[in-house]
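Hi,

Here is the structure I said I would pass on. Have a look at it first, and my notes follow underneath.

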Amino acid sequence: MSMCQGCRSEAARFDLAMAFQPIVDVVAERIWAYEALVRGPAGQSAATVLGTVTPDNRYAFDQQCRVAAITQAVEAGIVATGAKLSINFLPNAVYSPLACIQLTLKTAAATGFPADRLIFEFTENEEMVDTTHVATIIETYQRMGFTTALDDFGAGHAGLALLAKFQTDVIKLDMELVRGIDRSPPRRMIVEGLLALFSRMGITALAEGIETVGEYEVLRDMGVRYMQGYLLARPGLGTLPAWTLPHGAPLSRRA
């Protein structure tokens, strides 16, 4: 299948760097995936880059982010680790799921990265109007063997209303639900309820924004297997950073 016109457009060019943050399987004590986080060429913040994205150039931006994420992750050594690669995408930048994935597949093949180790995660700062289109993207990606993830669940518009319309393979609990959960009975009750719901729906939970040992221990004891946050590892610009579990020494690039 050929690429659509939007995917071929080179009207806008972005100079992108990627930082990679480990997502840790705390049961197996290994890296499950690395999330690719967009940065400016000199490590400028994501906000600096995202502030240049408009409706007119977001299609080019989304495509170039995918290419940069795969290319730079391979250069950093991800293939040998066996870990997955999580790429954020913009649902409104996907004209057609099958057409707009072609450059991603071509890049994976050219760099030697197994396409079945790709995770596509999305979040929307604004409420999605065309949820049917988003559901189609998710279903198409799942049929193609990719893992799909919904980011920032529990914040803004990423909540139960979306979950009723489509189900991703992974849901990332927003850091506002995680923050201070060891000291907050209401947060614990909310997360316990969500975990039970996800389990019944066959969805994997991932807690992001882990910053304290208390948060880590409570979530681990609640059965959350996959975690991400500064307690475990900070993002590394162009590198796969060393990571650690509480009370342990740093574990560098352990798969």
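**Two positive phi values and a helix pair**

The loop between strand 1 (17-25) and strand 2 (30-39) is where you'll find E29. Keep in mind that this is a predicted model. E29 caught my eye for its backbone: it isn't a glycine, yet its phi is positive, at about 55°. As for its surroundings, E29 is partly exposed, with a relative accessible area of 37%.

D152 is another non-glycine with a positive phi, this one about 60°. D152 sits in strand 5 (residues 147-153).

Now for the helices. Helix 3 (residues 58-76) and helix 6 (residues 102-111) have axes that come within 9 Å and cross at roughly 15°. Angles under 35 degrees count as roughly parallel, so that is what helix 3 is with respect to helix 6. The crossing of the two is right-handed. Which residues make the contact? From helix 3 they are Q63, R66, V67, I70, T71 and V74, and from helix 6 L103, T104, T107, A108 and T111. By type, the residues of this contact split into 5 nonpolar, 5 polar and 1 charged.

For the overall picture, the chain has 11 helices and 9 strands. It runs to 255 residues, and 51% of them count as buried. Looking at contacts with a separation of 6 or more, 67% are between residues 24 or more positions apart. The accessible surface of the chain is about 11,500 Å², with 52% of that belonging to carbon and sulfur atoms.

Cheers

Technical notes:
Residues are numbered from 1 along each chain as its sequence is written. This is a predicted model: local features need pLDDT of at least 70, side-chain atom pairs count only at pLDDT 80 or more; totals for chains, interfaces and linings use all residues. Side-chain values use heavy atoms; hydrogens and water are left out. Helices (H or I, at least four residues) and strands (E, at least two) are DSSP runs, numbered from the N terminus. Buried means under 20% relative accessible area, exposed over 50%, partly exposed in between (1.4 Å probe, protein chains only). Contact means heavy atoms within 4.5 Å. Accessible areas come from the Shrake-Rupley method with a 1.4 Å probe; for residues, only the protein chains shown count as cover. Axes are lines fitted to C-alpha atoms, for helices over the stretch in contact, and angles run from 0 to 180 degrees between N-to-C directions. Angles under 35 degrees count as roughly parallel, over 145 as roughly antiparallel, 65 to 115 as roughly perpendicular and the rest as oblique. A crossing is left-handed if the near helix is turned anticlockwise from the far one by less than a right angle, and right-handed if clockwise. Ala, Val, Leu, Ile, Met, Phe, Trp, Tyr, Cys and Pro count as nonpolar, Asp, Glu, Lys and Arg as charged, and the others, Gly among them, as polar.
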